Protein chains: 2
Amino acid sequence: MAAEAIDRDIQMRGLSAEQREHLMVQVAKRYYEQDMTLGDLAAELGLTRWQASRLLGEARAAGIVEIRIVPRAPRAPDLESRLERRFGLREAVVVPAGEEDDERSRFDAVARAAARFIAGLGRLPLVGVSWGRTMNAVAAHLPQGWNEGAEVVLVNGAMNIRMPATRTNNTAELFARSAPGAATILPVPAILGRAATRRALEEDPTIAAILDLGRRAPVVIFGMGAMTPDSVIVQSGFVGEVEQADLARRGAVGDILGRYIDATGRAADPDLDARTIGLGLDEVGRRELSIGIAAGPGKAAVARASVRAGHVNVLVADERIALSLLDEDHP
Amino acid sequence: MAAEAIDRDIQMRGLSAEQREHLMVQVAKRYYEQDMTLGDLAAELGLTRWQASRLLGEARAAGIVEIRIVPRAPRAPDLESRLERRFGLREAVVVPAGEEDDERSRFDAVARAAARFIAGLGRLPLVGVSWGRTMNAVAAHLPQGWNEGAEVVLVNGAMNIRMPATRTNNTAELFARSAPGAATILPVPAILGRAATRRALEEDPTIAAILDLGRRAPVVIFGMGAMTPDSVIVQSGFVGEVEQADLARRGAVGDILGRYIDATGRAADPDLDARTIGLGLDEVGRRELSIGIAAGPGKAAVARASVRAGHVNVLVADERIALSLLDEDHP
DNA sequence: GAGGTGACGTCACATTTGTGATGTCCGGAC
DNA sequence: GTCCGGACATCACAAATGTGACGTCACCTC
């Protein structure tokens with residue numbers, strides 16, 4: 001025990017169940033997520049090594065620590081190389097459809113494959129990410145320490161209008177936490193009411209610095225949104241269901257980075273696009289790696305548009321989407 | 001090295017990546033799920049302790065081992081006690097709606113709370129379970145060793161007609177694997193074409209023995225199905241979408257144990273009920289513990305019918321369902 | 001075939017973790 | 001006040017695990 005050690009020793013005598021649980025979580029996080037030894041973390045928390053050890057045992061028994069062994073989803077190398085050749089992709093990752101899995105586990109399998117691919121890239125000092133359901137699922141599967149010291153920056157606006165939507169604006173933080181590294185979020189709405197507001201925001205030095213960081217990122221990773229009412233962009237309140245249906249009628253096939261695109265990959269509605277803040281469609285394809293992740297039904301069209309337009313050079317998708325993209329009937 | 005040790009030593013020299021991954025999974029499963037020491041499991045697999053240790057390290061780094069720290073979902077004690085009093089439940093578990101969580105994480109939170117509740121019951125030598133999405137999610141969250149040596153028996157038919165439906169018929173196995181214990185499944189379709197077939201099957205000694213085991217279980221655990229086309233009972237092909245819509249028109253509010261019930265908790269269609277194999281509606285409520293789990297939208301009605309009719313004496317549900325049940329406007 | 005290279009096996013040893021024995025404190029019962 | 005039980009602290013020790021050094025082997029290059 002050094003000089004600073006006598007800050008607070010925890011008396012476990014009369015701790016409430018909640019306080020105890022909170023301690024269990026603290027111990028488990030430090031042990032499993034930060035790879036500290038029980039001795040070290042005990043010192044930090046003002047516990048003894050034995051208290052920490054027993055707390056950890058309780059945490060495991062209570063189910064606070066969940067350990068799962070997941071054999072990595074097999075891939076479909078034939079489809080992958082066909083996609084790569086056909087669309088000039090740097091890399092394609094295709095997850096087979098797994099006979100008896102349900103929609104959700106297929107979605108998870110894609111997210112896992114994406115996380116694995118990303119983790120396998122080695123150190124990436126600066127990574128741009130978008131947010132959304134898909135991206136959150138990917139973040140959840142990134143292994144601890146996949147990219148130590150990385151800077152993770154959001155490349156599109158992240159403040160939601162409607163609160164109880166899917167919890168999205170912590171995607172960057174999730175990416176950063178598991179790296180471990182730092183997250184920079186873009187604290188503005190994804191879509192504004194007027195283009196002038198967007199320009200004004202972009203000129204603000206603070207915002208400009210963040211946008212610039214995103215533009216400098218050699219790697220961007222983003223999910224693709226389908227034209228469905230449960231898309232995050234609608235759920236967050238930026239675009240109404242009616243408005244989205246109207247966009248669909250005018251040729252929109254989905255969204256990437258908060259921007260609706262048509263089958264050619266161009267902005268489906270230039271006015272709407274001008275009100276959208278963040279990395280532009282003309283910029284995204286120019287990265288070293290532009291990783292697009294498409295998981296779930298209804299995303300084949302937006303995936304097709306993205307690869308055709310060169311917005312992505314790495315595509316992660318499920319087998320159905322891959323097959324659809326390779327289908328010759330689509331001109 | 002004892003006498004029997006020289007069965008097969010694994011030469012790791014020229015192993016393919018896949019074989020290596022397979023070994024990683026084997027090591028990880030034994031280490032984390034079966035609590036074996038590296039030395040023991042290495043002997044079993046024909047590896048050295050050091051090989052096993054390194055393989056385990058690789059498995060963690062590769063994301064094959066996923067460790068998550070989940071602070072247990074807070075509960076809503078006020079709603080719980082109101083439900084208990086109002087419906088005479090032995091216990092109610094209510095998971096608050098969590099402001100910014102999406103549908104899926106709310107579903108997971110309920111499953112987790114259910115798993116926790118079940119694990120907290122202590123040793124239950126014989127447990128009856130149904131199958132379905134909800135039950136599978138619960139099984140996924142049961143801690144290793146929650147009920148050592150338990151016998152888990154399916155109380156309704158489990159052979160699916162349509163294959164690529166949600167992977168449900170391994171629910172009992174999942175429950176048993178984490179116990180660890182033995183699973184007995186009921187290898188017949190949930191719903192048959194004719195009541196006579198059901199009776200014939202029930203008289204078969206093998207089937208009768210399994211059904212009897214289920215009837216003797218002091219504890220049954222089951223999920224509740226809503227009247228939606230994505231309900232597992234429809235996805236599995238037992239009931240058509242049209243047929244289900246028709247049932248809804250005639251008063252069905254959902255299903256438990258594969259049986260559609262009306263608002264009073266009685267079989268919505270006696271003929272259909274007579275073709276359904278497994279624990280009957282008149283039997284389910286007579287257990288020591290009859291645990292019903294309702295997670296997700298559209299399940300308030302079936303939950304209400306179940307508690308009213310006394311089919312469950314323990315209810316696990318999300319906050320929205322709880323509030324709906326307590327709503328005085330419903331007579 | 002010599003030499004180099006890198007992946008792997010083997011092992012001694014340090015570190016980390018688990019466990020049971022024993023002591024101590026607290027609160028309640030009498 | 002005294003006694004008692006249980007929850008917890010503390011510790012010594014055993015067991016399990018991680019790590020670096022070094023040797024060996026297969027394979028490649030020249």
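This report walks through some local features of chains A and B in a predicted model.

**Chain A in outline**

Let us begin with the overall make-up of chain A. Its secondary structure consists of 15 helices and ten strands. Chain A has 331 residues, and 46% of them count as buried. Contacts that reach far along the sequence are well represented too: among contacts in chain A between residues at least 6 apart, 70% join residues at least 24 apart.

A:I64 makes a good stopping point. This isoleucine sits in the loop between helix 3 (49-61) and strand 1 (65-69) of chain A. Is A:I64 buried or exposed? The cut-off for burial is 20 or more other C-beta atoms within 10 Å, and A:I64 has 23 such neighbours, so it counts as buried. Its C-alpha atom is separated by 8.2 Å from that of A:A28, although the two residues are 36 apart along the chain. Leaving aside residues up to four places away in sequence, A:I64 touches A:M24, A:V25, A:A28 and A:A59 of chain A, and B:I69, B:V70, B:P71 and B:R72 of chain B.

**Backbone details to look at**

Most residues other than glycine have a negative phi, and most peptide bonds are trans. With that in mind, here are some places worth a look in the two chains.

| Site | Backbone feature | Angle |
|---|---|---|
| A:A179 and A:P180 | cis peptide bond | omega about -10 degrees |
| B:A179 and B:P180 | cis peptide bond | omega about -10 degrees |
| A:D35 | positive phi | phi near 55 degrees |
| B:D35 | positive phi | phi near 55 degrees |
| B:G46 | positive phi | phi about 75 degrees |

Where do the two prolines lie? A:P180 belongs to the loop between helix 7 (171-178) and strand 5 (182-184) of chain A. In chain B, B:P180 is found in the loop between helix 7 (171-178) and strand 5 (182-184).

The aspartates come next. A:D35 has its place in the loop between helix 1 (17-33) and helix 2 (38-45) of chain A, and it is exposed, with 12 other C-beta atoms within 10 Å. B:D35 lies in the loop between helix 1 (17-33) and helix 2 of chain B. This residue also counts as exposed, with 12 C-beta neighbours inside 10 Å.

**Helix 2 of chain B**

Following chain B onward from that loop, we come to helix 2 (residues 38-45), whose buried residues are B:L38, B:L41 and B:A42. They cover an arc of only 105 degrees around the axis, so they fall on the same side of helix 2 of chain B. Just after this helix comes B:G46, with its positive phi.

**Two packed helices in chain B**

Two packed helices are described by the angle between their axes and the distance between the axes. For helix 14 (residues 300-309) and helix 15 (residues 319-326) of chain B, the angle is about 55 degrees and the axes are 9 Å apart. Helix 14 and helix 15 of chain B are therefore oblique to each other, and helix 14 passes helix 15 in a right-handed crossing.

Which residues make the contact? Helix 14 of chain B contributes B:A300, B:A303, B:R304 and B:V307, while helix 15 of chain B contributes B:I321, B:S324 and B:L325. By type, the residues of this contact divide into five nonpolar, one polar and one charged.

Terms used:
Residues numbered from 1 in each chain as written. Chains lettered and ligands numbered in written order. Predicted model: local features only at pLDDT ≥ 70, side-chain atom pairs only at ≥ 80, totals over all residues. Axes fitted to C-alpha atoms, helices over the stretch in contact; angles between N-to-C directions. Helix = DSSP H or I, 4+ residues; strand = E, 2+ residues; numbered from the N terminus. Parallel < 35°, antiparallel > 145°, perpendicular 65-115°, else oblique. Left-handed = near helix turned anticlockwise from the far one by under 90°. Contact = placed C-beta atoms within 7 Å. Nonpolar A, V, L, I, M, F, W, Y, C, P; charged D, E, K, R; others polar. Arc of directions from axis to C-beta.
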